[in-house]
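Welcome, and please take a moment to look over the model before reading on. The report below walks through its helices, its cores and a few chosen residues.

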Amino acid sequence: FFRPSLLLMLVAIAAVEWLDMARVVRAVTLSLRERDFVRAARALGLGTPRIILRHIVPNTLGPVVVTATLLVPQVILLESFLSFLGLGVQEPQTSWGVLIAEGARSIEAAPHLLAAPAAFLIATLVALNLIGGVSAKSHVARKLWKIIKHLKIMGPEIGILPYMETQQDTHTNGRQDPNSQAEINPNPHG
């Protein structure tokens, strides 16, 4: 019915892999919809297209990039598997799956023909997963840092961080004056 081709393989991979990205985009969009800055934009009278372009899309890009870096190894592995089975890339084109299949056919005479492409495939997949993990951690770390910074600024006013270690003296360029005793207020509202 269908003969193996690059186009068919790309359609098959896209038909399967778009679901993960769609789930991430939907979840992030739904969480952003309830955030204060979106409510404020709505209260200011901005239209839905402007809110989407100005607020939702830029704040969705971080999780989308992280998800994409984690999806690339899955796509490479799926393409290699389909090519190994003979359903993906066909000769004279090549891919790691085709190279591994050729190496498997000649494993007794030349085992290096199987070992080399398999090792490079594994190294690439591990490297891309590490890059995805690092980008995910840095994205999460940036978000946490923003939250922590916000809590340090707003903490005493909203009662989240009631114990401030020191009050900075503006006359000493932000450094604590060793001769002054900073007052610690355990209850900022009282």
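In which helix is phenylalanine 84 found? Phenylalanine 84 is found in helix α3; helices here are DSSP runs of H or I with at least four residues, strands are runs of E with at least two, and both are numbered from the N terminus.

A word on the source: this is a predicted model, where local features need pLDDT of at least 70, side-chain atom pairs count only at pLDDT 80 or more, and totals for chains, interfaces and linings use all residues. Residues are numbered from 1 along each chain as its sequence is written, and side-chain values use heavy atoms, with hydrogens and water left out.

**The overall picture**

The chain has five helices and zero strands, so read from the N terminus its elements follow the order α-α-α-α-α. Of the 190 residues in the chain, 20% are buried; buried means under 20% relative accessible area, exposed means over 50%, and partly exposed lies in between (1.4 Å probe, protein chains only). The chain exposes about 13700 Å², and 67% of that is supplied by carbon and sulfur atoms. These areas come from the Shrake-Rupley method with a 1.4 Å probe. Among contacts (heavy atoms within 4.5 Å) with a separation of 6 or more, 54% join residues 24 or more positions apart.

**Two nonpolar cores**

In soluble globular proteins, nonpolar side chains tend to be buried together. A nonpolar core is a set of buried Ala, Val, Leu, Ile, Met, Phe, Trp, Tyr and Cys residues joined through side-chain atoms within 4.5 Å. In this chain, the largest such core has six residues, namely Val28, Leu32, Val38, Ala41, Ile51 and Ile56. At least two of its residues come from each of α1 (6-33), α2 (36-43) and α3 (48-85). A second, separate core has five residues, including Met9, Leu82, Val89 and Val98.

Isoleucine 51, a member of the largest core, touches Val38, Ala41, Arg42, Leu46 and Ile56 once residues up to four places away in sequence are set aside.

**How α2 meets α3**

The helices α2 and α3 pack at an angle of about 175°, and their axes are 11 Å apart. Axes are lines fitted to C-alpha atoms, for helices over the stretch in contact, and angles run from 0 to 180 degrees between N-to-C directions. This angle makes α2 roughly antiparallel to α3, a label for angles over 145 degrees. On the α2 side, Phe37, Val38, Ala41 and Arg42 meet Ile51, His55, Ile56 and Asn59 in α3. Sorted by class, this contact has five nonpolar, two polar and one charged residues. Here Ala, Val, Leu, Ile, Met, Phe, Trp, Tyr, Cys and Pro count as nonpolar, Asp, Glu, Lys and Arg as charged, and the others, Gly among them, as polar.

**Four residues to look up**

The table pairs each residue with a partner in the chain.

| Residue | Partner | Apart in sequence | C-alpha to C-alpha |
|---|---|---|---|
| Serine 5 | Valine 89 | 84 residues | 6.1 Å |
| Phenylalanine 84 | Valine 98 | 14 residues | 5.4 Å |
| Leucine 82 | Proline 4 | 78 residues | 9.5 Å |
| Methionine 9 | Leucine 87 | 78 residues | 7.3 Å |

Methionine 9 lies in helix α1 and is buried, with a relative accessible area of 3%. Leaving aside neighbours within four places in sequence, methionine 9 is in contact with Glu79, Leu82, Ser83, Gly88 and Val89.

Leucine 82 belongs to helix α3 and is buried too, at 16% relative accessible area. Beyond residues up to four places away in sequence, leucine 82 touches Met9, Ile13, Leu87 and Gly88.

Is phenylalanine 84 buried or partly exposed? With a relative accessible area of 38%, phenylalanine 84 is partly exposed. Apart from neighbours within four places in sequence, its contacts are Gly97, Ile100, Ala101 and Ala104.

Finally, serine 5 sits in the segment before α1 and counts as partly exposed at 25% relative accessibility. Not counting residues up to four places away in sequence, serine 5 touches Leu87 and Gly88.

Note on methods
Angles under 35 degrees count as roughly parallel, over 145 as roughly antiparallel, 65 to 115 as roughly perpendicular and the rest as oblique.
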